[in-house]
Amino acid sequence: MKVYRYPDRQDIARLTERPLHDATDLNATVAAVLKDVRERGDEAVTEYEERFDHARLKSLAVTEKEMDEAEAMVGEELRQAIAIAHANISKFHAAQLSEGVHVSVTEGVECWQKPVPIEKVGLYIPGGTAPLFSTVLMLAVPARIAGCSQIVLCTPPSPEGKVNPCILYAARVAGVDRIFKIGGVQAIGAMAYGTATVPKVYKIFGPGNQYVMCAKQHVSLHDVAIDMPAGPSEVEVLADETSNPSFVAADLLSQAEHGVDSQVMLVTTSESLAESVQVEIERQLASLPRKDIAARALENSKIILVKDEDGMMEITNAYAPEHLIIESAGYMRLAGRVVNAGSVFLGSLTPESAGDYASGTNHTLPTNGYAMAYSGVNIDSYMRKITFQHITPSGIRSIGKAVETMAEAEGLRAHRNAMTLRVQSLDEQ
């Protein structure tokens with residue numbers, strides 16, 4: 001990891017930049033695949049599955065028999081772990097449900113808001129080197145609690161045409177309705193446009209590689225909503241001389257092993273802690289199965305030494321990390337100063353991996369600085385809020401003149417007339 005000592009304020013913007021990539025070729029490839037899926041449906045999807053996932057599929061849908069076989073393959077210890085995670089995620093997200101608001105804004109004018117679930121949602125679950133069955137819980141559990149009537153899931157199959165059994169078991173536990181063996185751009189296209197086999201959804205959720213993320217942004221322009229724009233995963237750790245170097249190193253490595261484009265950052269007031277963490281990283285890295293991936297991610301990562309807590313928070317809120325771990329002594333005090341972050345982990349005993357799996361919060365979070373404007377996935381992600389208003393005669397008398405005056409000032413005579421006619425009808429009574 002590169003070390004930066006006591007940067008000046010004007011250096012903060014440079015230190016908190018994410019790597020930029022030329023997406024010209026990527027956009028062209030994604031657009032071509034999406035166009036083909038839109039025009040040829042299942043035929044195109046099946047061809048891309050053979051080309052990209054090396055799977056020759058007779059059917060895109062996962063059968064009930066395959067679900068039963070998958071469940072039998074999941075060991076009891078993992079089943080219990082999934083049950084704990086499911087319970088905690090359910091409890092935290094169910095607490096977010098609201099009945100909306102009902103307000104008498106003035107005499108005779110009632111306004112209210114009604115939360116309504118999105119009817120059809122699509123979930124994308126990556127396969128590849130790390131099949132993320134935990135993400136099934138994170139996406140499907142709040143969808144089910146919100147009341148979505150159809151939950152569709154796409155995930156890439158193996159060359160043998162099989163889906164990871166843990167993904168299928170988690171989908172059954174979480175209440176997914178239909179599952180398809182489709183990965184990559186073709187999965188996003190199938191859910192966005194619909195095919196003879198895959199139903200069209202109204203909003204797509206889930207992580208993925210740069211092709212999947214690009215596809216989600218493409219379809220969000222015209223065809224379907226998405227959860228949020230996203231880039232590679234990231235973590236920032238705040239630490240001081242009281243922090244445990246082995247814990248800090250483990251937290252940095254747990255994010256670095258996600259992918260070679262992941263980014264990790266340590267911001268600390270202690271030079272000795274920074275040195276100890278680097279030693280610990282080398283020691284722990286050697287024993288990791290994904291050490292090559294983690295090592296490459298560390299090449300793009302940083303240790304930043306600052307003078308005090310003010311320096312910590314200035315960098316943090318400028319960076320807007322997906323995950324923020326505060327392991328310094330004053331973690332609760334610093335927590336109150338967090339303005340931009342996806343999810344925050346407080347104290348030495350709260351690793352990011354707890355939130356990734358079983359603490360109950362959602363691990364689908366804004367990356368790439370989008371935490372400045374976006375929330376992570378929550379119950380509201382699966383809801384729309386429809387407003388209603390009802391006006392009585394006394395309400396017309398309360399706001400009628402204001403409506404007429406404002407409409408006239410904007411030059412919208414028909415708007416004014418819609419109110420004027422009602423005012424006159426009351427005057428005639």
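This briefing walks through the fold, aromatic pairs, cysteines and hollow spaces of one chain. Keep in mind that the model is predicted. The chain carries 17 helices and 14 strands, and 47% of its 429 residues are buried.

**Overall build**

- Along the principal axes, the C-alpha atoms of the chain fill a box of roughly 85 × 60 × 45 Å.
- Take the contacts in the chain with a separation of 6 or more: residues 24 or more positions apart account for 75% of them.

**Aromatic pairs**

- You'll find 4 aromatic pairs in the structure.
- One of them joins Trp112 and Phe388, whose ring centres sit 5.6 Å apart with planes at 5 degrees, so this pair is stacked.
- That stacked pair links distant parts of the chain, since Trp112 belongs to strand β3 (residues 109-117) and Phe388 to strand β14 (residues 383-391), 276 residues apart.
- Tyr370 and Tyr374 also pair up, with ring centres 5.8 Å apart and planes at 90 degrees, so their arrangement is edge-to-face.
- As for solvent, Trp112 is partly exposed at a relative accessible area of 29%, and Phe388 is partly exposed at 32%.
- The two tyrosines are in the partly exposed class as well: Tyr370 has 30% relative accessibility, while Tyr374 has 37%.

**Cysteines**

- If you're wondering about disulfides, a search of the whole structure turns up 0.
- For Cys154, the closest cysteine sulfur is the one in Cys148, and at 16 Å it is too far for a bond, because a disulfide needs the two sulfur atoms within 2.5 Å.
- Cys166 has its closest cysteine sulfur in Cys154, 19 Å away, which is again too far for a bond.
- Both of these side chains belong to buried residues: Cys154 has a relative accessible area of 0%, and Cys166 has 17%.
- Cys166 still counts as buried at 17% because the cut-off for buried is under 20% relative accessible area.

**The second largest pocket**

- This pocket has a volume of about 200 Å³.
- Its lining brings together Tyr6, Pro7, Asp8, Arg9 and Ile12 with Val306, Lys307, Asp308, Gly311, Glu314 and Ile315.
- Helix α13 (residues 309-319) gives the largest share of that lining, with 3 residues.
- By character, the lining of the second largest pocket splits into 5 nonpolar, 1 polar and 5 charged residues.

**The cavity**

- The structure has 1 cavity of 30 Å³ or more, and the volume of the largest cavity is about 30 Å³.
- Gln96, Leu97, Ser98, Pro115, Ile379, Asp380 and Met383 line the largest cavity.
- Those lining residues of the largest cavity break down into 4 nonpolar, 2 polar and 1 charged.
- Two of the strands named above for the stacked pair turn up here too: Pro115 is in the cavity lining and strand β3 covers residues 109-117, while Met383 is in the lining and strand β14 covers residues 383-391.

Technical notes: Residues numbered from 1 in each chain as written. Predicted model: local features only at pLDDT ≥ 70, side-chain atom pairs only at ≥ 80, totals over all residues. Heavy atoms only, no water. Phe/Tyr/Trp six-rings, centres within 6.5 Å; stacked < 30°, edge-to-face > 60°. Helix = DSSP H or I, 4+ residues; strand = E, 2+ residues; numbered from the N terminus. Buried < 20%, exposed > 50% of the residue type's maximum accessible area, 1.4 Å probe, protein only. 1 Å grid on protein atoms, 1.4 Å probe; cavity = no way out; pocket = protein on both sides within 12 Å on 5 of 7 lines; lining within 4 Å. Points joined across faces, edges and corners; volume = space filled by probe spheres on them. Nonpolar A, V, L, I, M, F, W, Y, C, P; charged D, E, K, R; others polar. Contact = heavy atoms within 4.5 Å.
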